[in-house]
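Please open the model in your viewer and keep the sequence panel beside it, so that each selection below can be followed from one stop to the next.

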Amino acid sequence: MRQEVLRAFRFTLDPAPAQVEAFARHAGAARWAFNHALGMKVAAHQQWRHRVQELVDQGVPEDLARKQVRLPVPTKPTIQKHLNQPRGTPPSIRNACTWPSKNASWPAVANTRCTALPE
């Protein structure tokens with residue numbers, strides 16, 4: 001009869017002070033992004049509940065009102081798109097930069113300009 005030996009290893013991190021600060025920033029950013037996404041979903045649900053309540057107040061049975069109200073629930077791509085928009089930038093300037101393709105020559109890249117495009 002053959003006996004199997006299991007071994008376990010325990011590792012600990014010993015980050016430098018600068019790394020501790022970077023870990024804290026990353027954790028804070030992840031927490032903020034999660035809370036922002038959760039807030040978007042909660043807001044959509046509250047809007048749905050408000051519209052259902054409006055229909056119920058008009059005399060529509062609640063189960064029917066729940067089926068009638070259709071609101072888009074924010075999806076992961078929608079939330080990511082919202083998070084990646086520049087903060088504090090007017091909509092007329094967003095996406096104003098047109099970057100050259102990967103195959104563009106260096107002069108084309110060097111002469112790329114960002115200009116505000118009217119909406």
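Which residues make a nonpolar surface patch of about 290 Å²? In this predicted model, select Phe34, Leu38 and Val42, and you have the three side chains that make the patch. Phe34 has a relative accessible area of 56%, and because the cut-off for exposed is over 50%, Phe34 counts as exposed.

Next, extend the selection to residues 17-57, which form helix 1, where Phe34 has its place. Helix 1 has 41 residues, and from its first C-alpha to its last it reaches 59 Å, close to the 60 Å expected at 1.5 Å a residue.

Now colour the buried residues of helix 1, which are Ala22, Ala37, Met40, Ala44, Trp48 and Val52. To see what covers these buried residues, display helix 2 (62-68) and helix 3 (76-83), which are included in that cover. On the way there, stop at Gly59, just after helix 1, where the backbone takes a positive phi of about 105°.

Finally, show the whole chain, which has 4 helices and 0 strands and follows the pattern α-α-α-α when read along the sequence. If you switch on a surface, its accessible area comes to about 10900 Å², of which 57% belongs to carbon and sulfur atoms, while buried residues make up 11% of the 119 residues in the chain. For contacts between residues at least 6 apart in sequence, 38% join residues at least 24 apart.

Technical notes: Residues numbered from 1 in each chain as written. Predicted model: local features only at pLDDT ≥ 70, side-chain atom pairs only at ≥ 80, totals over all residues. Heavy atoms only, no water. Patch = residues over 30% accessible without salt bridge, like charges linked within 9 Å, V, L, I, M, F, W, Y side chains within 5 Å. Areas by Shrake-Rupley, 256 points an atom, 1.4 Å probe, with all protein chains shown as cover. Salt bridge = Lys/Arg side-chain N within 4 Å of Asp/Glu carboxyl O. Helix = DSSP H or I, 4+ residues; strand = E, 2+ residues; numbered from the N terminus. Buried < 20%, exposed > 50% of the residue type's maximum accessible area, 1.4 Å probe, protein only. Contact = heavy atoms within 4.5 Å. Expected span 1.5 Å × (residues − 1).
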